[in-house]
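Please work through the following exercises with the sequence and the 3D structure open beside you. Each task is followed by a solution that goes step by step.

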Amino acid sequence: MVNVRYAIRDLAVVAEEVARQGHKLLYLNIGDPNKYDFVTPPHMVEAAHRAMLDNRNGYGDSLGLPEAVKAIRDQAERNGFQNIQGIYVGYGSGEVIDSSLTALLNPGDNVLTPSPEYPLYSAVLAKLNAEPNAYALDEENDWQPDLEDMERRINSRTRAILIINPNNPTGAVYSRQTLERVADMARRHGLLILADEIYDKLVLDDDVQHTSIATIAPDLPVLTFNGISKAYLAPGWRIGWAVATGPQAALHDYLEAVYRLLRARLSAPHPFMYAIKPALEGPQDHLPEVRTKLRRRRDLTVEWAKRTPHVSLVAPRAAFYAFPQFDIPEPDLDFVTALVREKHVLLVHGSGFGQKPGTKHARIVYLPQEDVLKAAYERITEFVQERYK
Ligand code: PLP
């Protein structure tokens, strides 16, 4: 367990101490929309409530409620997914990712993971005694994956390539050309592709389009992860899923292994699975509202970075994260720790996500309301000016 870390929660311990001293904190650290001014669509709440009143409170189907699985399949097909070989629902995409990696890897195997990365993956990989093998995301190239670095890292124990698109923590969306090259690499080396697309409906700019890698590589085994935590504003319900596409021969035994794990843990939260179909097929009008709010908050963030010394930022195009670089003499963990102690603004240090050696970053969650964000940015600017005169 020494190697299992989750920086986002670790720093919260310092924050709790500061809060206990009576300070009001500004939280720009956790990707939970419901902690801010985002509310679960009522028709989803009604569906879950009705399921509870109807006593759907026992265990559910291990792989997912059939009507929910059908809704996920129909949506995937509408979005151009072909050769769907399996769909499974778990308690959050986090569990689905955990089970998918557990069934895939022997100790000593490795998965190509991005750096910076959403740290769930390295925590699970550490638990499985997988070897770390991180490829660089290139800040100089709008945080697109460094494909040469990716290919260089493939070895005889590499089993899969993970791409998080849209990305946490950078907010990048990958171009079709990049995805085609990743697919080509997976094809040449016989690797599974893991595509985390939990932010696919939160693209903020009209000139950017999200492409699912599964749709351009129907001949390859691909697991695409998604769920209701982000775009459907229900992270506490713990519902996520995987869609497995590609050749049946490559996926059959592997999926059976995943299903064995899922049967052993019985099921995802049963009543909440009744909200999946209404989420995917019911009114979607919360989505433009969410994107409009996020766009304004993103713009505020970009403007702040532009006018603040020691800060540079590749503008995020999706999700609700920014990953500015700080040109500072001290480690970024010291920076964010001092920031929360002195100015009561909570960010997460870049080293918690991985970053190019010598660079320093922090992850900002720009979900908070504009007045909170403005106040937080003012304090960070003040802090930087006072500290690095
Ligand atoms: N994948 C990414 C990229 C995330 O950012 C998150 C949560 O922040 C998750 C997966 C996990 O989401 P959940 O387990 O709530 O579905």
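**Exercise 1. Find the residue that follows helix α13, state the sign of its phi, and then examine the helix itself.**

Step 1. The residue after α13 is His344, and its phi is positive, near 65°. Helices here are DSSP runs of H or I with at least four residues, strands are runs of E with at least two, and both are numbered from the N terminus. This is a predicted model, in which local features need pLDDT of at least 70 and side-chain atom pairs count only at pLDDT 80 or more, while totals for chains, interfaces and linings use all residues. Residues are numbered from 1 along each chain as its sequence is written.

Step 2. Helix α13 covers residues 332-343, and its twelve residues, at 1.5 Å a residue, should span 16 Å, which agrees with the 16 Å between its end C-alpha atoms. The expected span is 1.5 Å times one less than the number of residues.

Step 3. Asp332, Phe335, Val336, Leu339, Val340 and Lys343 are the buried residues of α13. A residue is buried if 20 or more other C-beta atoms, placed from the backbone, lie within 10 Å of its own, exposed if 12 or fewer do, and partly exposed in between. Seen down the axis of α13, these buried residues fall within an arc of 125°, so they line one face of the helix; the arc is that of the directions from the helix axis to the C-beta atoms.

**Exercise 2. Determine which residues of helix α9 are buried, and what covers them.**

Step 1. Helix α9 takes in residues 248-264, and for its 17 residues the expected 24 Å agrees with the 24 Å between the end C-alpha atoms.

Step 2. Within α9, Leu251, Leu255, Val258 and Leu262 are buried. Their cover includes β2 (84-90), α4 (92-104) and β9 (240-245), where contact means that two C-beta atoms, placed from the backbone, lie within 7 Å.

Step 3. Just after α9 comes Leu266, with a positive phi of about 75°.

**Exercise 3. Describe how domain 1 and domain 2 meet.**

Step 1. An automatic or database domain assignment supplies the bounds, and the protein is divided into domain 1 (7-30 + 285-387) and domain 2 (42-281).

Step 2. Between the two domains, 25 residues of domain 1 are in contact with 25 residues of domain 2. On the side of domain 1 that touches domain 2, the elements giving two or more residues are α1 (7-20), α12 (286-307) and β11 (321-322), and α12 gives the most, with six residues.

Step 3. The largest nonpolar core, a set of buried Ala, Val, Leu, Ile, Met, Phe, Trp, Tyr and Cys residues joined through C-beta atoms within 7 Å, has 113 residues, and Ile193 and Ile213 have the most contacts inside it. Domain 1 and domain 2 both give residues to this core, so it lies between them.

**Exercise 4. Locate the prolines that follow a cis peptide bond at Ser115 and at Asn168.**

Step 1. Most residues other than glycine have a negative phi, and most peptide bonds are trans.

Step 2. Ser115 and Pro116 are joined by a cis bond with omega about 0°, and Pro116 lies in the loop between β3 (110-115) and α5 (120-127).

Step 3. Asn168 and Pro169 are likewise joined by a cis bond, with omega about 15°, and Pro169 lies in the loop between β6 (158-164) and α7 (176-189).
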